[in-house]
Amino acid sequence: MVRNGLRGRTQRYKCNDCGRRFDGGVRRDKAQVITDYVEGKQTLAQLAVKYGVNEKTIRRDLEGMRYVHKIAKY
């Protein structure tokens with residue numbers, strides 16, 4: 001089995017022996033994970049249960065979060 005592109009947000013796979021294609025699972029939206037963490041105030045454990053992944057995976061998704069520093073104008 002090798003990965004063979006995407007169909008929407010679903011990973012496609014192709015069998016090397018028979019050439020048949022299969023659909024994998026839907027990828028999670030990392031922006032939605034960040035939104036749930038910041039605005040939804042959910043813990044890493046809650047997000048891991050919600051998305052069906054390990055807490056380390058959620059932590060890795062959150063590492064891509066950008067920090068925006070707002071400067072007050074006087």
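Lys 41 is exposed, with a relative accessible area of 69%. Its place in this predicted model is the loop between helix 1 and helix 2. The backbone of Lys 41 also stands out: phi is near 50°, a positive value in a residue other than glycine. Most residues other than glycine have a negative phi. Thr 43 is found in that loop too, between helix 1 and helix 2 (44-51). Thr 43 is partly exposed, because its relative accessible area of 42% lies between the cut-offs of 20% and 50%. The C-alpha atom of Thr 43 is separated by 24 Å from that of Gly 25. Along the chain, these two residues are 18 places apart.

Confidence varies along the chain. The mean pLDDT is 84. Of the residues, 91% reach 70 or more. Helix 2 has the highest confidence, at a mean of 92. Strand 3 has the lowest, at 81. Where pLDDT is low, the predicted coordinates should not be read in detail.

The helices come next. Two packed helices are described by the angle between their axes and the distance between the axes. Helix 1 (residues 30-38) packs against helix 3 (residues 55-63) at an angle of about 95°. The two axes are 9 Å apart. Helix 1 is therefore roughly perpendicular to helix 3, since the angle falls in the range from 65 to 115 degrees. On the side of helix 1, the contact is made by Lys 30, Val 33, Ile 34 and Tyr 37. Helix 3 supplies Ile 58, Asp 61 and Leu 62. Five residues of this contact are nonpolar and two are charged, with no polar ones.

Helix 2 also packs against helix 3. Their axes come within 8 Å and cross at roughly 105°. This angle makes helix 2 roughly perpendicular to helix 3. From helix 2, the residues that meet helix 3 are Leu 44, Ala 45, Leu 47, Ala 48 and Tyr 51. Their counterparts in helix 3 are Glu 55, Ile 58, Arg 59 and Leu 62. The contact of helix 2 with helix 3 divides into seven nonpolar and two charged residues, and no polar residue takes part. Ile 58 and Leu 62 of helix 3 thus appear in the contact with helix 1 and in the contact with helix 2.

The strands form an open sheet. There are three of them, in the order 1-2-3, with antiparallel pairing. Strand 1 (2-7) and strand 3 (21-26) are the edge strands, and each pairs on one side only. From one strand to the next, the twist averages 35°. In a regular strand the side chains alternate between the two faces of the sheet.

Strand 1 runs antiparallel to strand 2 (residues 10-14), and four bridges join them. Val 2 stands opposite Lys 14 in strand 2. Arg 3 stands opposite Tyr 13. The two strands form a hairpin with two residues between them. In the turn of this hairpin, Gly 8 has a positive phi of about 70°. Of the six residues of strand 1, the number buried is zero, so the strand lies largely in the open.

Leu 6 lies in strand 1. Beyond residues up to four places away in sequence, Leu 6 touches Gln 11, Arg 12 and Arg 27. Leu 6 and Gly 52 are 46 residues apart in sequence. In space, their C-alpha atoms are 21 Å apart.

Strand 2 pairs with strand 3 in the antiparallel sense, again over four bridges. Lys 14 has Arg 21 as its bridge partner in strand 3. Lys 14 therefore faces Val 2 in strand 1 as well as Arg 21 in strand 3. The hairpin of strand 2 and strand 3 has six residues between the strands. Here Gly 19 takes a positive phi near 85°.

Thr 10 is found in strand 2. Thr 10 is buried, because its relative accessible area of 17% is under the 20% cut-off. Leaving aside neighbours within four places in sequence, Thr 10 is in contact with Gly 5, Asp 23, Gly 24, Gly 25 and Val 26.

How values were computed
Residues are numbered from 1 along each chain as its sequence is written. This is a predicted model: local features need pLDDT of at least 70, side-chain atom pairs count only at pLDDT 80 or more; totals for chains, interfaces and linings use all residues. Side-chain values use heavy atoms; hydrogens and water are left out. Axes are lines fitted to C-alpha atoms, for helices over the stretch in contact, and angles run from 0 to 180 degrees between N-to-C directions. Angles under 35 degrees count as roughly parallel, over 145 as roughly antiparallel, 65 to 115 as roughly perpendicular and the rest as oblique. Contact means heavy atoms within 4.5 Å. Ala, Val, Leu, Ile, Met, Phe, Trp, Tyr, Cys and Pro count as nonpolar, Asp, Glu, Lys and Arg as charged, and the others, Gly among them, as polar. Buried means under 20% relative accessible area, exposed over 50%, partly exposed in between (1.4 Å probe, protein chains only). pLDDT is the predictor's confidence in each residue, from 0 to 100.
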